[in-house]
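Reader: Good morning. I would like to go through this protein with you, one topic after another.
Author: Certainly; here it is.

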Amino acid sequence: MSMASLVPLLALLTALPAQANEQAPPASQARERALLEVLHPPAKGAELEEGEVTPGRFLVKLDTVVLDTQREAVLVVTSGQAPGEYEPLRPGLEAELAVVRGVGKALTVLSRERVPTPSGVGEYQASVSTALDGKKGEKVILVDISSHNDGEGSGVALTFFQFLAGTGKKDGVLERIMEDRYTPSSGSGYPHEREDAAFDTQPSVHEGYSDLSLRVSGHYCDTDEECRSEKRVERICWEGTRYSRSDDCLVRVVTTSSELKSGKADAPTYDSDNVRDGEDSTAWCEGAKGTGRGEWLKFTFNTPVTVGELTLVAGYNKSPEVWRRNARLKRVRLHFSDGTRQDADLDDSASPQDILLETKSALESVKLEVLAVYPGSRHADACVSEVDFSDVQAAPPSPAP
């Protein structure tokens, strides 16, 4: 953000026309002034400096997003120091998100929440937007505040709030869902980190809703030669009545008959959660003696669902060499919670393979049992990198007796 864009907005809004024949301020400026006055009512007799919102707090950014025909979310960012023409803002940034309703004298604050800000010295950018929209007016609101300094790097603070339109005391209530911070660049020198974030939305199992994934990929270096890459995923899921943070929007828990234990403290893990992390480079490997026949993974869903297809990567797909070294699934049996079962044969391939499910019943769980494997060139343990489900819909509630 250029310093020119940080010209104090409040100073532009406080000069109401002294004479009836003076030109009125633009509608957008009048609205912004009204928002500031209802969020930060001026003290009686207080004299504010140019750009001050309250004594000692200067406006950096005011941003809004419309929530519905009656309500909007307002982000107000202030600093403890007036922005200079050539001087970047100093630490002391504060941010607040509010939900307001009405216009003019009827403008009312329904709820307000403090918002975390990135640390550091530099120029700041801030925005508020809707990240998810439900079919009955439910929303996930995203506040994105970033800082940048050429010498000290940059940081981003993301905060997600839930907005549920209601009545009475519940009208316009904000509920914090999750916070996340990442570092696009930590500046010069070592240790050094560089992170990139990406958002992805997918249809929820509940018709008319979507789920959101935040994926952060990081590259961390202690020296030029000592670097590592890591990824993490945060999810926000619609759970039938509200949005919630969740490790998995579909599967509540994955249980297993056995897991291969790593021999070293810094070695990869082979637990069952690996089959739902979206990464082919990780895997569940069974830890029983023999070929893995009879070992299983069980997926219990967050809510009863109908499932059209199961897709799996039936081996340890970290690399072609690792793939060949470990056993791969050749034949599996699917046990469904409705009491039925289905057998399927698999190719010896590292590509995802689809199994069209025969059952049309609402399911609470699916268990995948190993019946036969393609043997590994070095290890007998059977592995699975990924298991996913598609054409999934929440089952309609059972009729009342």
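Reader: Let us start in the middle. Which residue stands opposite Val143 in strand 8?
Author: Val143 has Thr159 of strand 8 facing it. Strands here are DSSP runs of E with at least two residues, helices are runs of H or I with at least four residues, and both are numbered from the N terminus.

Reader: How do strand 7 and strand 8 pair, and over how many bridges?
Author: Strand 7 (residues 139-149) and strand 8 (residues 153-164) are antiparallel, with 11 bridges between them. Two strands count as paired if DSSP finds at least two bridges between them.

Reader: Where did this model come from, and how should I read it?
Author: It is a predicted model, in which local features need pLDDT of at least 70 and side-chain atom pairs count only at pLDDT 80 or more, while totals for chains, interfaces and linings use all residues. Residues are numbered from 1 along each chain as its sequence is written, and side-chain values use heavy atoms, with hydrogens and water left out.

Reader: Back to the strands. What is the order of the strands in the open sheet?
Author: The order is 6-7-8-9, an open sheet of 4 strands with antiparallel pairing. Strand 6 (123-133) and strand 9 (173-185) are the edge strands, each pairing on one side only. On average, neighbouring strands of this sheet are turned by 15 degrees against each other, direction ignored. For such angles, axes are lines fitted to C-alpha atoms (for helices over the stretch in contact), and the range is 0 to 180 degrees between N-to-C directions.

Reader: What about strand 4: how many of its residues are buried?
Author: In strand 4 (residues 94-101), 6 of the 8 residues are buried, so the strand is mostly covered. Buried means under 20% relative accessible area, exposed means over 50%, and partly exposed lies in between, using a 1.4 Å probe and protein chains only.

Reader: Which strands does strand 4 pair with?
Author: Strand 3 (residues 71-79) runs antiparallel to strand 4, joined by 8 bridges. Strand 5 (residues 108-115) also pairs with strand 4 in the antiparallel sense, over 7 bridges.

Reader: Who partners whom there?
Author: Arg101 in strand 4 is the bridge partner of Arg71, and Arg101 also stands opposite Thr108 in strand 5. Val99 faces Ser111 of strand 5. The hairpin of strand 4 and strand 5 has 6 residues between the strands, and Gly102 in this hairpin takes a positive phi near 95 degrees.

Reader: And Val115: is it buried or exposed?
Author: Val115, which lies in strand 5, is buried, at 6% relative accessibility. Setting aside neighbours within four places in sequence, Val115 is in contact with several residues, among them Ala95, Leu97, Val143 and Thr159. Contact means heavy atoms within 4.5 Å. The C-alpha atoms of Val115 and Leu75 are 9.0 Å apart, although 40 residues separate the two along the chain.

Reader: Changing topic, how many aromatic pairs are there?
Author: A search of the whole structure finds 6 aromatic pairs. Rings of Phe, Tyr and Trp (its six-membered ring) pair if their centres lie within 6.5 Å; planes under 30 degrees apart are stacked, over 60 edge-to-face, and the rest tilted. One of them is the edge-to-face pair of Phe160 and Phe199, at 6.2 Å centre to centre with 65 degrees between the planes. This pair links distant parts of the chain, with Phe160 in strand 8 and Phe199 in strand 10 (residues 192-203), 39 residues apart.

Reader: Are those two rings buried or partly exposed?
Author: Phe160 is buried, at 0% relative accessible area, and Phe199 is partly exposed, at 41%.

Reader: Any other rings?
Author: Tyr270 and Tyr316 form an edge-to-face pair, 6.0 Å centre to centre and 85 degrees between the planes. Tyr270 lies in the loop between strand 14 (251-256) and strand 15 (284-285), and Tyr316 in the loop between strand 16 (296-313) and helix 3 (320-325), so the pair ties together parts 46 residues apart in sequence. Ring pairs also link Tyr209, Trp238 and Tyr243 into a cluster.

Reader: Finally, what does the whole protein look like in numbers?
Author: The protein has 3 helices and 22 strands, and 43% of its 401 residues are buried.
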